[in-house]
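Colleague: Walk me through the inside of this protein, please, with a close look at how the aromatic rings meet and what surrounds any enclosed space. I'd like to follow it residue by residue.

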Amino acid sequence: MSVVCIEFKPGLEGVPATQSSISYVDGQQGVLEYRGINIQELAKKSSFLETAYLLIWGYLPSKEELESFEHDIRYHRRIKYRIRDMMKCFPETGHPMDALQTSAAALGLFYSRRALDNPEYIRSAVVRLLAKIPTMVAASELMRRGNDAVQPKDDLDYAANFLYMLNEREPDPLAAQVFDVCLILHAEHTINASTFSAMVTSSTLTDPYAVIASAVGTLAGPLHGGANEDVITMLSEIGSVENVRPYLEKCLETKAKIMGFGHRVYKVKDPRAIILQELAEKLFEKFGYDKYYEIALELEKAVEEKLGHKGIYPNVDFYSGLVYRKLGISSDLFTPVFAIARVAGWLAHWKEQLTENRIFRPTQIYTGEHNISYTPIQER
Ligand code: ACO
């Protein structure tokens, strides 16, 4: 018997669309857990690849399992020269998220054997996507600058290798460690827009490269992952601590959203924003201050005063850009970097979706007319 829910919820707010054991958010208490483990603890004790394993396979790997996973990812980092050649043809003015979406989809052309009931296929797709997405992000960035892509360096860990491929030099150990924590923090966040997009695509039993490409396209929007880039633009427009309050007043008057604030679920400061702020301060201590930080602190204070009663506090995107700037990552790469991490969560949901799949096919409330007769073009 099919049950029809007649209450329409714009944005599906509060409507459960799946059952999942991957992550949990308590938006009132500011708690985020991956497979039951608090994000604070993972940020302190885990690595991104261990966290990815936890998310995708549901448990913390043994030493041997982790070593084998890391080994396989390390040796699948290279991308085919045809993919590099394809990327060379991308326009320099194109957005890196569009380049990433195209490249992720292109992987499906090269690894097209689809065997969703074969655990070996699932593992190899997981390994390939986690291994190759960072290489593609770094390669397309270097090519955009008119340089050749840098090959991955096998003796570097996941995070250090990405910064190496991007900045063409080995990173400081603190920078690599901070970046690894950023990846952990962005790896998963229940069924937000891009994860839902990944799940809908997964439910058609298409290949995992199409799943990731559709999720990347969804993450790109300014109301989702794209907000981290807009935060830096906003801080630069504000320009000075003195201008924070006049800027905020103007936003409130015109009902413009303040980027990096507010969240559908969190009604307190996002726990990831708290950790990212600590990471930013660590980087400033070692590599020098960022003038935007003072503006950000003042803005946080002012927004709390004006909008705290509505539960509007900094979200994950507010401080991440300040961290990335210190790591030498340019602002239009912030969202692709977010995607590098979120591939872990998308893959976890892909795998979970496959275990009890039913194609997503919601219903609609029709608001159009009926029995309208066709008007010939001459009479319109
Ligand atoms: N600035 C000012 N007011 C805000 C903000 C904001 N950033 N966010 C929400 N509000 C206000 C709205 O104006 C609205 O007020 P009203 O009830 O008086 O009309 C109320 O809070 C509810 O806002 P909605 O937009 O309905 O909340 P929703 O849950 O749909 O949106 C969203 C959440 C999209 C994140 C929103 O807060 C927003 O646009 N923030 C700015 C963009 C951003 O930072 N996005 C990143 C989110 S985190 C992520 O995706 C990784």
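Modeller: I'll start with the rings and then move on to the cavities. Keep in mind that this is a predicted model. If ring centres within 6.5 Å count as a pair, the count comes to 15 aromatic pairs. Take Tyr 53 and Phe 69: their ring centres lie 5.2 Å apart, with 85° between the planes, which makes the pair edge-to-face. Tyr 53 belongs to helix H2 (residues 48-57) and Phe 69 to helix H3 (residues 63-74), so this contact links distant parts of the chain, 16 residues apart. Both Tyr 53 and Phe 69 are buried.

Phe 196 and Phe 360 make another pair. Their centres are 5.5 Å apart and the planes sit at 85°; that angle is over 60 degrees, so the pair is edge-to-face. Phe 196 is in helix H9 (residues 193-202), while Phe 360 sits in the segment after helix H16 (334-355), and 164 residues separate the two. As for exposure, Phe 196 has a relative accessible area of 23%, and because buried means under 20%, Phe 196 counts as partly exposed. Phe 360 comes out at 22%, so it is partly exposed too. Rings can also gather in a group: Phe 261, Phe 284, Tyr 289, Tyr 293, Phe 318 and Tyr 319 form one aromatic cluster.

Now for the enclosed spaces. There are two cavities of 30 Å³ or more. The largest has a volume of about 40 Å³. Around that space you'll find Ile 79, Arg 84, Thr 135, Ala 149, Val 150, Gln 151 and Pro 152. Sorted by character, this lining has four nonpolar residues, two polar and one charged; the charged one is Arg 84.

The second largest cavity holds about 30 Å³. Arg 77, Ala 131, Pro 134, Thr 135, Tyr 158, Asn 161, Phe 162 and Met 165 line the second largest cavity, so Thr 135 turns up in both linings. Helix H6 (119-144) and helix H7 (158-167) each supply at least two of the residues around the second largest cavity. H7 gives the most, with four residues. The lining of the second largest cavity splits into five nonpolar residues, two polar and one charged, and here Arg 77 is the charged one.

Terms used. Residues numbered from 1 in each chain as written. Predicted model: local features only at pLDDT ≥ 70, side-chain atom pairs only at ≥ 80, totals over all residues. Heavy atoms only, no water. Phe/Tyr/Trp six-rings, centres within 6.5 Å; stacked < 30°, edge-to-face > 60°. Buried < 20%, exposed > 50% of the residue type's maximum accessible area, 1.4 Å probe, protein only. 1 Å grid on protein atoms, 1.4 Å probe; cavity = no way out; pocket = protein on both sides within 12 Å on 5 of 7 lines; lining within 4 Å. Points joined across faces, edges and corners; volume = space filled by probe spheres on them.
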